[in-house]
Amino acid sequence: MAAESSKRTARLTKQIGAFAQRHGGSAEAQIAYVGQAGFRISLVGADGTWGDLMAPSMDVAQDAVQAAGVTPKESFDGEMAEHMRTGPYEWARMAGVQLGGPANR
């Protein structure tokens, strides 16, 4: 089991580091428990691009974020959200849900 955690940590570290490099050279991360699915690592790059990854445990998530050199945040606060850039897809999706568009699945 430890070998699998180590492999998952290494894979996440590589993905987080690559995300940061592609999106301005740095990023912020926030880790949240999402139930049986595990832990979501929400990322916001220096250029405002955002995304997320899943980790099987808090330890794996924290180790990967730290190893990637990404700044961890305690919560997904207003300051972190302020850095996010939303595009046409996000705006259409938000408006669609509110204005009778396709329902969330």
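The largest pocket in this predicted model is lined by Ala29, Gln30, Ile31, Met58, Gln62, Val65, Gln66, Val70, Pro72, Lys73 and Glu74. S1, H2 and strand S4 (71-73) each give two or more residues to that lining. There's about 170 Å³ of space in there. Some of the lining residues turn up again below, so here's the rundown by topic.

**The pocket wall**

- H2 puts in the largest share of the lining of the largest pocket, with 4 residues.
- Sorted by class, the lining comes out as 6 nonpolar, 3 polar and 2 charged residues.
- Pro72, one of the lining residues, sits in strand S4.
- Pro72 counts as exposed because its relative accessibility is 58%, and the cut-off for exposed is over 50%.
- Skip the neighbours within four places in sequence, and Pro72 is in contact with Ala29 and Val65, both of which also line the pocket.
- Pro72 and Ile31 are 41 residues apart in sequence, yet their C-alpha atoms are 7.9 Å apart in space.

**The nonpolar core**

- The largest nonpolar core holds 16 residues, and Ile16, Ile41, Leu43, Val65 and Val70 have the most contacts inside it.
- At least two core residues come from each of helix H1 (2-22), strand S1 (27-33), strand S2 (39-45) and helix H2 (58-67).
- As a general backdrop, nonpolar side chains in soluble globular proteins tend to be buried together.
- Val70 is a handy place to start looking: outside its neighbours within four places in sequence, Val70 is in contact with Ile16, Ala20, Ala27, Glu28, Ala29, Leu43 and Val65.
- Val65 and Val70 belong to both stories, being on the list of core residues with the most contacts and in the pocket lining too.

**The aromatic pair**

- Search the whole structure and you get 1 aromatic pair.
- That pair is Tyr33 with Phe39, in a tilted arrangement: 5.1 Å centre to centre and 55° between the planes.
- The two partners differ in exposure: Tyr33 counts as exposed at 59% relative accessibility, whereas Phe39 is buried, with a relative accessible area of 14%.
- Tyr33 lies in strand S1 and, not counting residues up to four places away in sequence, touches Gly38 and Phe39.
- The C-alpha atoms of Tyr33 and Met58 are separated by 7.8 Å, though the two residues are 25 apart along the chain; Met58 is also one of the pocket-lining residues.

**A buried serine**

- Ser42 is found in strand S2.
- With 12% relative accessibility, Ser42 counts as buried, since buried means under 20%.
- Leaving out neighbours within four places in sequence, Ser42 is in contact with Glu28, Ala29, Gln30, Gly51, Asp52, Phe76 and Met80.
- Ala29 and Gln30, which are among those contacts, are pocket-lining residues as well.

**The whole chain**

- The protein chain has 4 helices and 4 strands, and reading along the sequence gives the pattern α-β-β-β-α-β-α-α.
- Of its 105 residues, 31% count as buried.
- Take the contacts in the chain with a separation of 6 or more: 53% of them involve residues 24 or more positions apart.

How values were computed: Residues are numbered from 1 along each chain as its sequence is written. This is a predicted model: local features need pLDDT of at least 70, side-chain atom pairs count only at pLDDT 80 or more; totals for chains, interfaces and linings use all residues. Side-chain values use heavy atoms; hydrogens and water are left out. A nonpolar core is a set of buried Ala, Val, Leu, Ile, Met, Phe, Trp, Tyr and Cys residues joined through side-chain atoms within 4.5 Å. Buried means under 20% relative accessible area, exposed over 50%, partly exposed in between (1.4 Å probe, protein chains only). Contact means heavy atoms within 4.5 Å. On a 1 Å grid over the protein atoms alone, a cavity is a set of points where a 1.4 Å probe fits but cannot get out, and a pocket is an open set with protein on both sides within 12 Å along at least five of seven lines; lining residues have an atom within 4 Å of a point. Grid points are joined across faces, edges and corners, and a volume is the space filled by probe spheres set on the points. Ala, Val, Leu, Ile, Met, Phe, Trp, Tyr, Cys and Pro count as nonpolar, Asp, Glu, Lys and Arg as charged, and the others, Gly among them, as polar. Rings of Phe, Tyr and Trp (its six-membered ring) pair if their centres lie within 6.5 Å; planes under 30 degrees apart count as stacked, over 60 as edge-to-face and the rest as tilted.
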